[in-house]
Amino acid sequence: MNRKIVIDPVTRIEGHARITIQLDDKGNVGDARVHVTQFRGFEKFVEGRPFYEMPSLMARTCGICPVSHLIAASKACDQILAVRIPETAILLRRIINLAQIVQSHALNFFYLSSPDLLLGMDADPAERNLFGLLRQYPDIARDGVRLRQFGQQIIEWMANKRIHPAWVVPGGVSSPLTPQVRERILATIPEARGIILRTLDWYKGRLGSYQEYIRTFANFPSMFLGLVAPDGSLEHYHGRIRVVSSRGSIIADQLDPADYQAYIAEAVEPDSYLKSPYYKPSGYPNGMYRVGPLARMNIATQCGTPGADLELAEFHCLDLGAVLSSFHYHYARLIEILYCIEQIEKLLNDSHILDGNVRAFAGVNHLEGIGVCEAPRGTLFHHYKVNAEGLVQWANLIIASGNNNLAMNRGVLQAAQHYIHGSSVSEGTLNRIEAVIRAFDPCLSCSTHDDGRLALQVQLYGAHGELLQNISR
Amino acid sequence: MEKQILIIGYGNTLRGDDGVGYRAAEMLAENATVCAVAEVLACRMLTPELAEKISRVQRVIFLDADSRLPTGKIEHRELVPDYHINPGLSHHLNPTQLLGFASVLYDKMPAKAEGLFMGATSFDFVDCLSPEVEAGLRVLMGEIEAIICNAA
């Protein structure tokens, strides 16, 4: 008799998702799917709006990574203006993007994932949260708060607002950096660096205890995709697309992001509002690829900052070829935080960082603009078409997390097949399935409104649709 | 020497009366009498990093709108820490959760924690206060000044 297990909602992620697991009559997992259950509609309701509104409108896609949308949208608008923005504006956009990556990664690692990593997947759900972490590991909890604060403060000091700031605009940024803000940020670097270095220390020390998760959390061959600099270094703001195989060999390199439609297509599945991008030359669904911190560590030849490069070298020892287990997104996230901190310091010491010329002005000179950047969760594409008056006629977004949709689905299936046998499903098992999703750190929407009382309901259905078992927590 | 009173006014200034706490804090930050003895913060939301500041003062006063009160009415409440916190912490905390956070994380809490909440019913997508709340803001200023003067 076939049975279906439903995990709804998936907890401690950004957004709303449901997992459906289908058991066969022997109680083994036959299929598992991740369904993204909220509809946003940004690509439609921006039609008719002036293009220069896009950064502010698109930033509202998310409350965790609005800066990424500001940057991708502004870059698309830069193309519509046909401007080359001032170098100082590029430096400033880079800094704010890096700050956001720090705060976003810190949120996932410390607030969302550390309860599992430190308290255990089978810990009492009433304790397996940030408060539980506070009680048992207060130093680590304090580090998490301070590290997230570091990133958010930089955004607030530079852009006057930590969520949905309006400072990144078409043509550059709206105001230059002041010497006072520069000094303020530099003063916070040593503490942030100290926090991430000791976090890396304790995390690497515990890797041995996570071996089962490393083996089973979305650990399979796949391509990896992301931006790299011309020399192949880690890149978050500009650069070109590189695609790498599971063996670590380069499949495609220095692809123009503006030509993304030539090598990325999007499939639509009937059971989820999240599209499934895939690498076109490999077809669907073989063209599955992963993006985000794990992908960036796999595709980059080097990070380009001293501490991060040392960590990257150690990271590459985990596997021959590319590092494949999605559990290692956590490790990759920590390396990226270190890189971001080092890079922010380097950029703040650039001789042009305080220059006053930070914006280029123009009218509509192209009727199409494509802006691409690396968001915390992966490569983000904004594509707009406008009319001669600059009103948006068409928009397409490939959201960072969307790139990982196929891989998340496959990862959930892999974990479910490993952990679920028969009709008895423990709470810890369900948490492990959810933890696979958490490793990807998907930003399915900005509409997480969990209040500590989210109920997880699992329903087992028989082959004829009859409810066999109802499990709640 | 660090000031021993912390005033935190918070709210969304793009949602009508929800911004009354933020606006009150902005006005207090210009008030020399208040600033002589209190640190004033205007925040769009309460975030975990505020816990450290709260743990270092003797008294904390929160300012916010309250949809359960009649418009313009001000209620002064003592606050006690709440140790039940949402697992995600990705968006916001309320004052009692923040107090609980400070207590657990830094093992210290202000001797006195209180809130001044103003009744509000208009939370539209506007960046101004309703006339009743705007009028109530002046009364709120007076109450806070009185608290500060009594504390000095």
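## A buried asparagine in helix α4

In this predicted model, A:Asn97 has a relative accessibility of 1%, so this residue counts as buried. A:Asn97 belongs to helix α4 of chain A. Setting aside neighbours within four places in sequence, A:Asn97 makes contact with A:Val67, A:Ser68, A:Ile71, A:His236, A:Tyr237 and A:Glu374.

One of those partners, A:Tyr237, turns up again with a charged neighbour: A:Lys75 sits over the face of the A:Tyr237 ring, 4.6 Å from the ring centre. Elsewhere in chain A, A:Lys385 lies over the face of A:Trp394, at 4.5 Å from the ring centre.

## The nonpolar cores

Which part of chain A gives the most to the largest nonpolar core? The core has 171 residues, and A:Ile21 and B:Ile8 touch the most other members. Helix α4 of chain A, residues 87-119, is the top contributor, with 18 residues. A second core of 24 residues is separate, and includes B:Ile7, B:Ala38, B:Leu116 and B:Ile148.

Here is what surrounds B:Ile8. Not counting residues up to four places away in sequence, B:Ile8 touches B:Leu41, B:Cys43, B:Leu46, B:Leu50, B:Ile54, B:Val60, B:Ile61, B:Phe62 and B:Leu63.

## Aromatic rings

How many aromatic pairs does a search of the whole structure find? The total is 18 over all chains. In the pair formed by A:Phe109 and A:Phe110, the ring centres are 5.1 Å apart and the planes meet at 80°, so the arrangement is edge-to-face. Both rings belong to buried residues: A:Phe109 has a relative accessible area of 0%, and A:Phe110 has one of 1%.

These two phenylalanines also belong to a cluster linked by ring pairs. The other members are A:Trp202, A:Tyr203, A:Tyr210, A:Tyr213, A:Phe217, A:Phe315, A:Phe327 and A:Tyr331.

## Helix α11 and its two faces

A:Phe315, a member of that cluster, is also one of the buried residues of helix α11 of chain A, which covers residues 306-315. The others buried there are A:Gly307, A:Ala308, A:Glu311 and A:Leu312. Why do the buried residues fall on the same side of α11(A)? They cover an arc of only 135° around the axis, and that puts them on one side of the helix. As background, an α-helix has 3.6 residues a turn, so residues three or four places apart point the same way.

The face of α11(A) turned away from the buried side carries A:Pro306 and A:Leu310, which are exposed. Over the buried residues of α11(A) lie elements including α7 (179-206), α10 (293-299) and α12 (329-348) of chain A.

## Cysteines in chain B

How many disulfides are there over all chains? The count comes to zero. For B:Cys43, the closest cysteine sulfur is that of B:Cys35, and the distance of 14 Å is too far for a bond.

B:Cys43 is one of the residues touched by B:Ile8. B:Cys43 is buried, at 14% relative accessible area, whereas B:Cys128 counts as partly exposed, at 44% relative accessibility.

## Backbone points to check by eye

Most residues other than glycine have a negative phi, and most peptide bonds are trans. Chain A holds some exceptions. The peptide bond from A:Tyr284 to A:Pro285 is cis, with omega near 5°. A:Pro285 is placed in the loop between β10 (276-279) and β11 (289-290) of chain A.

A:Ala82 is not a glycine, yet has a positive phi of about 60°. The loop between α3 (66-81) and α4 of chain A holds A:Ala82, which counts as partly exposed at 44% relative accessibility. A:Ala218 also has a positive phi, near 50°, and is located in the loop between α8 (211-216) and β6 (223-228) of chain A. Is A:Ala218 buried or exposed? At 0% relative accessibility, A:Ala218 counts as buried.

## A methionine in helix α5 of chain B

B:Met141 is part of helix α5 of chain B, which spans residues 131-151. B:Met141 is buried, with a relative accessible area of 10%. Leaving out neighbours within four places in sequence, B:Met141 is in contact with B:Ala24, B:Met27 and B:Leu28.

For a sense of distance, B:Met141 and B:Pro110 are separated by 31 residues in sequence and by 22 Å in space, C-alpha to C-alpha.

Notes
Residues are numbered from 1 along each chain as its sequence is written. Chains are lettered from A and ligands numbered from 1 in the order in which they are written. This is a predicted model: local features need pLDDT of at least 70, side-chain atom pairs count only at pLDDT 80 or more; totals for chains, interfaces and linings use all residues. Side-chain values use heavy atoms; hydrogens and water are left out. Rings of Phe, Tyr and Trp (its six-membered ring) pair if their centres lie within 6.5 Å; planes under 30 degrees apart count as stacked, over 60 as edge-to-face and the rest as tilted. Buried means under 20% relative accessible area, exposed over 50%, partly exposed in between (1.4 Å probe, protein chains only). A charge sits over a ring if NZ of Lys or CZ of Arg is within 6 Å of the ring centre and within 35 degrees of the ring normal. A nonpolar core is a set of buried Ala, Val, Leu, Ile, Met, Phe, Trp, Tyr and Cys residues joined through side-chain atoms within 4.5 Å. Helices (H or I, at least four residues) and strands (E, at least two) are DSSP runs, numbered from the N terminus. Contact means heavy atoms within 4.5 Å. A disulfide is a pair of cysteine sulfur atoms within 2.5 Å. The arc is that of the directions from the helix axis to the C-beta atoms.
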